[in-house]
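Please open the model in your viewer and keep the sequence panel visible. The tour below proceeds from one selection to the next.

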Amino acid sequence: MTGVRHGRSDAHTRKTLSKAADENFPVAPFFLPRAWRDDLMAVYGYARLVDDIGDGDLAPGGADARLLGLDAAQADDRPVMLDAFEADLRRVFATAGDGPRHPLLRALVPTVRRCDLTPEPFLGLIEANRQDQVVRRYATYDELLAYCALSANPVGRLVLAITGTSSPERIRHSDAVCTALQIVEHLQDVSEDLGRDRIYLPADDMARFHVTEADLAAPSAGASVRALVAFEAERAGCLLNEGTPLVGSVHGRLKLLLAGFVAGGRAALTAVAAAGYDVLPGPPKPTKLSLLRAVGAVWR
């Protein structure tokens, strides 16, 4: 149908899913029931692919464009790719037709049916990536929070829906955790984001700490940049604390999964602090030991 052989598309899909190992938090750990793992990986594959489209990180060769029914040469046209991706997403929820074209979206169909998922969280992730194409600076912290509501919070809401544990209070706590995780990732990736001509540090905070864009392009951070990163890290830590009651509201293996999400954020913040809040040489990453300690602390 799309001109890409199944064997090649399967390998292509596996490569996308393999990126789960590089995340700050466990995506679908072994201790979860198989059905949950399958569903979480299906959602991860979707989220990873839409981010790769928005960031221009697709595998070379145009395979994803062809899988979405486009010409391979259109793979670098991010708005066109996002439109085609949304059209394919809508085929996931359609009651008629041949279903989605892209294998990562075909893998999503059983999860959507089994968990009775709605399109809104998935559309939010696409909209966040559309926003990334036109909004490259954020004037205020509130503007950044509104972006995180599209780019991060839908993932937590999908986890709750997949595990059948959604409630207004849990969603509120989940949103706090997911926004915190997004802010932490932005702090780790200041240099990488600047290389894409994006800054996720609020402009009014930069002005308050006397940080210029030129300061962010330096090989290492001066005192003003470190102070700014420490300030934003404290904010993220407060959001994580605000959302941590989510962990205590559930039981069993789900409790361990959610503890892992919160702990991933805390361990990443510990790594940022251990680097003296100098994130410019590259993203400070937590060690496995620090992550395990953080999981234990959150669990307790």
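Begin by selecting Asp116, which is exposed because its relative accessible area is 66%; exposed means over 50% relative accessible area, buried under 20% and partly exposed in between, for a 1.4 Å probe and protein chains only. Asp116 belongs to the loop between helix 6 and helix 7 (120-134). Helices here are DSSP runs of H or I with at least four residues, strands are runs of E with at least two, and both are numbered from the N terminus. Although Asp116 is not a glycine, its phi is positive, at about 55°.

Before continuing, note that this is a predicted model, in which local features need pLDDT of at least 70 and side-chain atom pairs count only at pLDDT 80 or more, while totals for chains, interfaces and linings use all residues. Residues are numbered from 1 along each chain as its sequence is written, and side-chain values use heavy atoms, with hydrogens and water left out.

**Second selection: Tyr277**

Tyr277 also has a positive phi, near 65°, and is a residue other than glycine. Look for Tyr277 in the loop between helix 16 and helix 17 (288-299). With a relative accessible area of 27%, Tyr277 is partly exposed.

**Third selection: helices 4 and 6**

Display helix 4 (residues 78-93) together with helix 6 (residues 108-115): their axes come within 9 Å and cross at roughly 45°. That angle makes helix 4 oblique to helix 6. The axes are lines fitted to C-alpha atoms, for helices over the stretch in contact, and angles run from 0 to 180 degrees between N-to-C directions. Angles under 35 degrees count as roughly parallel, over 145 as roughly antiparallel, 65 to 115 as roughly perpendicular, and the rest as oblique.

Which residues of helix 4 and helix 6 make the contact? Helix 4 supplies Leu89, Val92 and Phe93, and helix 6 supplies Leu108, Val109, Val112 and Arg113; contact means heavy atoms within 4.5 Å. Six of the residues in this contact are nonpolar, none is polar and one is charged. In this scheme Ala, Val, Leu, Ile, Met, Phe, Trp, Tyr, Cys and Pro count as nonpolar, Asp, Glu, Lys and Arg as charged, and the others, Gly among them, as polar.

**Fourth selection: the nonpolar core**

Next, select Tyr46, Phe85, Leu108 and Phe122, the residues with the most contacts inside the largest nonpolar core, which has 83 residues. Such a core is a set of buried Ala, Val, Leu, Ile, Met, Phe, Trp, Tyr and Cys residues joined through side-chain atoms within 4.5 Å. Helix 16 (residues 252-274) contributes the largest share of this core, eleven residues.

Centre the view on Phe85. Leaving aside neighbours within four places in sequence, Phe85 is in contact with Tyr46, Leu49, Val50, Ile53, Leu68, Leu105 and Ile126.

**Fifth selection: Ala267**

Ala267 is in helix 16 and is buried, at 2% relative accessibility. Beyond its neighbours within four places in sequence, Ala267 is in contact with Pro286, Ser290, Leu291 and Ala294. The C-alpha atoms of Ala267 and Pro286 are separated by 5.5 Å, with the two residues 19 residues apart along the chain.

**Final selection: Asn153**

Is Asn153 buried or exposed? At 7% relative accessibility, Asn153 counts as buried. Asn153 is placed in helix 9 (residues 153-162). Apart from neighbours within four places in sequence, Asn153 is in contact with Cys148, Asp175, Cys178 and Thr179.
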